[in-house]
Amino acid sequence: MTTEFPKNFLWGGATAANQIEGAWDVDGKGVSVQDLLTGGTIEKPRHFTATIDPDAYYPSHTASDFYHHYKEDIKLLADMGFKTYRLSIAWTRIFPNGDDEKPNQAGIDFYHKVFQECHKYGIEPLVTISHYEVPYHLTEAYGGFLSRKVIDFFENYCRVLFESYKDEVHLWLTFNEINTALMFGGGYIQAGVPVKDGSSIFDAVSKEARQNAFQAVHNQLVASAKAVKLAHEINPKNKVGCMIAGSEVYPLTPDPKDVILAQQQMEMNNFYCGDVHVRGAYPAFAKKYWRDNDIHLNVDPSDAATLKAGTVDFYSFSYYSSGAVTVHPDKQEKVSGNMSAGTKNPYLKYSDWGWSMDPEGLRIYLNQVYQRYQIPLMIVENGLGAYDKVEADGSINDDYRIDYLRGHVAAMKEALDDGVDLIGYTPWGCIDLASASTGQMSKRYGFIYVNRHDDQTGDYSRTPKKSFYWYKKVIESNGKEIE
């Protein structure tokens, strides 16, 4: 295989505001839905609380304290040779309540400083506009994205971002993993749909919750399309992508019923939102799903034109693991893991959190998506959450993470050889942060270790891991040296 990574390939890493910034209530920041999610574990799911419980731990409140360490952190990213840094803006730093008349200048100023620090080292910011960050006031007062009024508030938020950072940011993503609202908990983390106080993020989805999730996602898709159009109008240099939680799904057996089940899951998990983002219209299978599941969308007559006019410039996605499905209960071995519970694939290894490790699945996914859409692709999340041990000499020898990432970089190279137009790779949690699924700091992804722990001890000091130096070599060689 002679294919090499493109000369302008965007090597980097990714984080999210609610998982890394901390400083949840300083400088005028408002309360987001994330700020009301307690910490959890693999056995004990996170819970939503309508008010702050003084005895509970809320990971977003402190996270990795990037808010006060951003200069140090971006310098470390530069030391690795990052070409791009994917980060998100906390909506509640810009509009504390979401429907405020004027933005919070302190929040605007903070991200100015972050972007200027990135450009100081030649790092291109890749900015997620909404990464599970719906202001809680919009949930309480309007029902989150169940209300079309929130589309207008989002568009206003986007306008402020595109105008404020016109000269600093040219790569944007609208909604992080927009499809997860349809997959877990009825969508209240992603779309701000109200739920009962004390609900788990993995509670069974009721018929009402499913209806609400599909309606909220429709409104988000409309909001995303409006944002794309607005970004292009304000600055023609802007490139806007969607962001999908990518998952390859295999039939466990050759039974055609398993094949159909896997196909249906691939369609609903990956292509329901992807088709609207890229093609500007819902696919036929979506309409069948609505009929079969008694889903009734409230659609404005203008929505079809809006979706068609606001298609994305590139398709970005997260990829961590693959899944398997079967109609045969007797052939199932269950795997237990947050956000990944299901049928175990006997050909794969699994992480401590029950996630399969499947780099070949990434190659398969890249080919499927590229052949479907024929637009540039970017992998904006990928990584291994694992326990890291600090040795007596202070080193962190995370060879398991290097092995995981090496396999996925090799799969990317195979996909390039297959003809896929892949433009960037930003592994998740390049700096240790609070896990989205459990809220744990001990589920670490980073190249950079943050001295912060689940019991809320630690001084937030930063230490490069062994993987830091491995990834630095990968970037320096543009993907040639991955051993």
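Biologist: Let's start with strand S6, residues 314-325. How many of its 12 residues are buried?

Modeller: Keep in mind that this is a predicted model. Strand S6 is largely enclosed by the rest of the structure. That follows from the burial count, because a residue is called buried when it has under 20% relative accessible area. Of the 12 residues in S6, the number that are buried is 11.

Biologist: Which residue in S6 does Val249 stand opposite?

Modeller: Strand S5, residues 239-251, pairs with S6 in the parallel sense, and the two share 10 bridges. S6 also pairs with strand S11 (residues 377-381), again in the parallel sense, over four bridges. On that S11 side, Ser318 stands opposite Glu381. Back on the S5 side, the residue facing Val249 is Gly323.

Biologist: Moving on to S2, which residues point the other way from Thr84, Arg86 and Ser88?

Modeller: In a regular strand, side chains alternate between the two faces of the sheet. S2 has five of its five residues buried, so it is largely enclosed by the rest of the structure. Both sets of side chains are buried, with Thr84, Arg86 and Ser88 pointing one way. Pointing the other way are Tyr85 and Leu87.

Biologist: And how many bridges join S2 to S3?

Modeller: S2 has parallel pairing with strand S1 (residues 10-14), where three bridges join the two. In that pairing, Gly13 stands opposite Tyr85. S2 and S3 run parallel as well, and Thr84 of S2 stands opposite Glu124 in S3. The number of bridges between S2 and S3 is five.

Biologist: Now helix H5, residues 105-120. How far does it reach from its first C-alpha to its last?

Modeller: H5 has 16 residues, and at 1.5 Å a residue the expected reach is 22 Å. Just after the helix comes Gly122, whose phi is positive, near 75 degrees. For H5 itself, the reach is close to what's expected, namely 22 Å.

Biologist: What covers the buried residues of H5?

Modeller: An α-helix has 3.6 residues a turn, so residues three or four places apart point the same way. Among the buried residues of H5 are Gly107, Phe110, Tyr111, Val114 and Cys118. Their cover includes strands S2 (84-88) and S3 (124-130), along with helices H1 (17-20), H3 (66-80), H4 (91-94) and H7 (149-164).

Biologist: Phe110 is on that buried list. Which residue has its charged end over the ring of Phe110?

Modeller: There are a couple of these arrangements to look at. In one of them, the charged end of Arg372 sits over the ring of Phe271, 4.2 Å from its centre. Over the ring of Phe110, at 5.8 Å from its centre, is the charged end of Arg93.

Biologist: Which helix gives the largest share of the largest nonpolar core?

Modeller: Nonpolar side chains tend to be buried together in soluble globular proteins. The largest core here has 135 residues, and those with the most contacts inside it include Trp11, Ile94, Phe145 and Tyr471. Its largest share is 12 residues, and they come from helix H9.

Biologist: How many residues are in the second, separate core?

Modeller: Look for the set that includes Leu10, Leu126, Leu173 and Met243. This second core is separate, and its residue count is eight.

Biologist: What kind of aromatic pair do Phe468 and Tyr469 form?

Modeller: The count of aromatic pairs comes to 38. For Phe468 and Tyr469, the distance is 5.0 Å centre to centre, with 65 degrees between the planes. Planes over 60 degrees apart get one particular label, so this pair is edge-to-face.

Biologist: Is Ile396 buried or exposed?

Modeller: Ile396 sits in the loop between S11 and helix H14 (399-418). Beyond its neighbours within four places in sequence, Ile396 is in contact with residues including Tyr449, Thr463 and Pro464. Its relative accessibility is 2%, so Ile396 counts as buried.

Biologist: Last one: apart from neighbours within four places in sequence, which residues is Ser200 in contact with?

Modeller: Ser200 lies in the loop between helix H8 (188-191) and H9. At 6% relative accessibility, Ser200 counts as buried. Leaving out those sequence neighbours, its contacts are Pro45, Arg46, His47 and Tyr188.

How values were computed: Residues are numbered from 1 along each chain as its sequence is written. This is a predicted model: local features need pLDDT of at least 70, side-chain atom pairs count only at pLDDT 80 or more; totals for chains, interfaces and linings use all residues. Side-chain values use heavy atoms; hydrogens and water are left out. The expected span of a helix is 1.5 Å times one less than its number of residues. Buried means under 20% relative accessible area, exposed over 50%, partly exposed in between (1.4 Å probe, protein chains only). Contact means heavy atoms within 4.5 Å. Two strands pair if DSSP finds at least two bridges between them. Rings of Phe, Tyr and Trp (its six-membered ring) pair if their centres lie within 6.5 Å; planes under 30 degrees apart count as stacked, over 60 as edge-to-face and the rest as tilted. A charge sits over a ring if NZ of Lys or CZ of Arg is within 6 Å of the ring centre and within 35 degrees of the ring normal. A nonpolar core is a set of buried Ala, Val, Leu, Ile, Met, Phe, Trp, Tyr and Cys residues joined through side-chain atoms within 4.5 Å.
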